[in-house]
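Me: I am new to this structure and would like to understand the reasons behind the terms used for it. Could you take me through them one at a time?

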Amino acid sequence: MKYKITTLYYILATVVTVIPLPWWYYNAGDIIRVEDSPFQILITFLGDRLILSDVITFLLTGFRIYVFVILISYAVQAARGNPKIYSTMFWLPVLYLLDPVILYVLFNFIPQLFDLPMNYPLFFFGTETISSNIKGEQVKIEFVMYPTYVYWLSLATALLYPFSRIEIKRRK
């Protein structure tokens, strides 16, 4: 096999696509809880599952199948010595690092529009208690945010992508 790293990248990326578990977990005081990945999402509000998350997951399942088929075909092509370049499974975990930045903007700037200042930290993993003064009352909300082991697996797989590009360039 001429393109071992590239083939391994596509095989591991294929495994990541079929794991039906979330990449990130978020919880805001048990008011809203989100478990998501590029292929599925579960949103609960006050303990009730939102039907919107089922609709979005249905659509994301089509994306999952599309990515899966592409990865399988590219793994076969790489194993046969004719590698193709497909960077989606590189960019998905890398772009997921923007989630904390998006939440920072949502929780720091949007509440200020309604005169509800919050002091949400830019990056944290685990549990953080955020307090705000709303109409003279001190309100505290416990936020939980962390990547799951599936995310770390996808990120580790993504790290193979640059090496597969180098491997393809050197051997052609």
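Reply: Let me begin with a pair of helices in this predicted model. Helix 1 and helix 6 are roughly antiparallel to each other.

Me: Why are helix 1 and helix 6 called roughly antiparallel?

Reply: The axes of helix 1 (residues 4-18) and helix 6 (residues 149-158) cross at roughly 160°, and angles over 145 degrees count as roughly antiparallel, so the term applies to this pair. Their axes come within 9 Å, and helix 1 passes helix 6 in a left-handed crossing.

Me: Which residues of helix 1 and helix 6 meet, and how many of the residues in this contact are nonpolar, polar or charged?

Reply: From helix 1 the residues are Y9, L12, A13 and V16, and they meet L153, S154 and T157 of helix 6. Of the residues in this contact, five are nonpolar, two are polar and none is charged.

Me: What makes strand 1 and strand 2 a pair?

Reply: Two strands pair if there are at least two bridges between them, and strand 1 (residues 24-28) and strand 2 (residues 32-37) have five, in the antiparallel sense; therefore they meet the condition for a pair. One of the bridges joins N27 to R33 in strand 2. In the hairpin of these two strands, three residues lie between the strands, and G29 takes a positive phi near 60°.

Me: How do you know that strand 2 also pairs with strand 3?

Reply: The same condition of at least two bridges applies, and strand 2 and strand 3 (residues 40-45) are joined in the antiparallel sense over six bridges. R33 has T44 as its bridge partner in strand 3, and the hairpin of strand 2 and strand 3 has two residues between them.

Terms used. Residues are numbered from 1 along each chain as its sequence is written. This is a predicted model: local features need pLDDT of at least 70, side-chain atom pairs count only at pLDDT 80 or more; totals for chains, interfaces and linings use all residues. Side-chain values use heavy atoms; hydrogens and water are left out. Axes are lines fitted to C-alpha atoms, for helices over the stretch in contact, and angles run from 0 to 180 degrees between N-to-C directions. Helices (H or I, at least four residues) and strands (E, at least two) are DSSP runs, numbered from the N terminus. Angles under 35 degrees count as roughly parallel, over 145 as roughly antiparallel, 65 to 115 as roughly perpendicular and the rest as oblique. A crossing is left-handed if the near helix is turned anticlockwise from the far one by less than a right angle, and right-handed if clockwise. Contact means heavy atoms within 4.5 Å. Ala, Val, Leu, Ile, Met, Phe, Trp, Tyr, Cys and Pro count as nonpolar, Asp, Glu, Lys and Arg as charged, and the others, Gly among them, as polar.
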